[in-house]
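These are my notebook entries on a single structure. I began with one residue and its surroundings, and then moved outward to sheets and domains.

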Amino acid sequence: MSFVQISKRKDIVFGYQDGYSEVEILKNACSEAQFFRCSLLPGKSVKPELFSTVEHTQLFLFMEGNGYIVTPRKGFNIDDKFAVFVPDYDTEPFEIVCASDSKKPLEYIHIITELNEYDKHCLYASKMRLPRFRHIEDGWEYYESFKSENVASKMLLEHRNLGRVSCGAVLGTGPCTVGQHIHREILQWYIMLPGSRMTYTAGDESVLLEGGDISYTPTGYYHGSEVAPGDKLDYVWYEMVAEMYPGEIE
Ligand SMILES: [Fe+2]
């Protein structure tokens, strides 16, 4: 079996119940992270289950569609563009709503991860205020020497603040490349944003990834991407360190 696992968006069939559907994907990829593709029809809403800081971290990656998230204190507009939402564990309930005038279902990825002792320590020590909601333009830009000059990278969830999990975006228009590189100890998922298309190579395997596709690459493989002229690179990376990051958070 291939070590890069792919969930193709075009293979997903949503079966709605009361306007909501979820499909678990990449079930055999990583025992410490569950991924669900979710779809909510216009005018419908859901109230996801809450987990405490000793149970699970959960986050939501909004892919497309118009809608909003409501907490007892705030609202966040999704506006048919990528956004990441981290709820405040079991402190505040929240509701995800697909706007009644949305032209398409609100589509998002729901991720639920297991917590080790390092996660629990970081959640206590980072003192990060939640909930956190960020569009890509809210992220700060970073650079990596193995990427083409015309590639922009945005940090959305910084390393350590949420323990082992972090998230960012990589943006560009071809021709461009993300050169071969390796992360020790990191499990990595790529979530292709709508309209994107690139050739992803990890180890000796190459695959075509298109908008909505999600890849999983286990730790320990060189990987990189190539984008043809005129094609869009844009993807979000979500990653988990296997045990812990070096250095103290406090
Ligand atoms: Fe990477």
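**Entry 1: Ile69.** I looked up the contacts of Ile69 in this predicted model. Leaving out residues up to four places away in sequence, I found that Ile69 touches Gly75, Phe76, Phe85, Phe94, Ile96 and Phe133. Is Ile69 buried or exposed? With 21 other C-beta atoms within 10 Å, Ile69 is buried, because the cut-off for a buried residue is 20 or more. For the pair Ile69 and Phe85, I noted a separation of 16 residues in sequence and a C-alpha to C-alpha distance of 8.8 Å.

**Entry 2: strand β6.** I placed Ile69 in strand β6, residues 67-70. In a regular strand, side chains alternate between the two faces of the sheet. For β6 I recorded Gly67 and Ile69 on the covered face, with Tyr68 and Val70 on the uncovered one.

Next I looked up the partners of β6. Strand β9 (residues 95-98) runs antiparallel to β6 and is joined to it by 4 bridges; within β9, Val97 is the bridge partner of Tyr68. Strand β7 (residues 75-77) is also antiparallel to β6, with 3 bridges between them. Tyr68 stands opposite Asn77 in β7. The connection from β6 to β7 is a hairpin through 4 residues.

**Entry 3: Phe85 and the core.** I then turned to Phe85. Apart from neighbours within four places in sequence, Phe85 is in contact with Leu59, Phe60, Ile69, Phe76, Pro131 and Phe133. Which residues have the most contacts inside the largest nonpolar core? They are Leu61, Phe85, Ile191 and Val236, in a core of 59 residues. Domain 1 (13-135) and domain 2 (138-241) both contribute residues to this core, so it lies between them.

**Entry 4: the two domains.** I checked the domain assignment, which gives domain 1 as 13-135 and domain 2 as 138-241. Their centres, taken over C-alpha atoms, are 21 Å apart. I found 26 residues of domain 1 in contact with 21 residues of domain 2. On the side of domain 1 that touches domain 2, the elements giving two or more residues are β3, β5 (56-64), β8 (83-86), β10, α1 (117-125) and β11. The residues of that side divide into 18 nonpolar, 4 polar and 4 charged.

**Entry 5: the six-stranded sheet.** I traced an open sheet of 6 strands, in the order β2-β3-β10-β5-β8-β11, with antiparallel pairing. Strands β2 (20-25) and β11 (132-135) stand at its edges with a single partner each, so one side of each has no neighbour in the sheet. Neighbouring strands of this sheet are turned by 20° against each other on average, direction ignored. I examined one pairing further: β3 (residues 33-40) and β10 (residues 106-114) are antiparallel over 8 bridges. There, Ala33 has Thr113 of β10 as its bridge partner.

**Entry 6: the seven-stranded sheet.** I traced an open sheet of 7 strands, also with antiparallel pairing, in the order β1-β19-β16-β21-β14-β13-β12. Its edge strands are β1 (5-7) and β12 (140-142), each pairing on one side only. The average turn between neighbouring strands is 25° here, direction ignored. At the β12 edge, I found 3 bridges to the antiparallel strand β13 (residues 152-157). Tyr142 has Ser153 of β13 as its bridge partner.

How values were computed
Residues are numbered from 1 along each chain as its sequence is written. This is a predicted model: local features need pLDDT of at least 70, side-chain atom pairs count only at pLDDT 80 or more; totals for chains, interfaces and linings use all residues. Two strands pair if DSSP finds at least two bridges between them. Axes are lines fitted to C-alpha atoms, for helices over the stretch in contact, and angles run from 0 to 180 degrees between N-to-C directions. Domain bounds come from an automatic or database domain assignment. Two residues are in contact if their C-beta atoms, placed from the backbone, lie within 7 Å. Ala, Val, Leu, Ile, Met, Phe, Trp, Tyr, Cys and Pro count as nonpolar, Asp, Glu, Lys and Arg as charged, and the others, Gly among them, as polar. A nonpolar core is a set of buried Ala, Val, Leu, Ile, Met, Phe, Trp, Tyr and Cys residues joined through C-beta atoms within 7 Å. A residue is buried if 20 or more other C-beta atoms lie within 10 Å of its own, exposed if 12 or fewer, and partly exposed in between; C-beta atoms are placed from the backbone.
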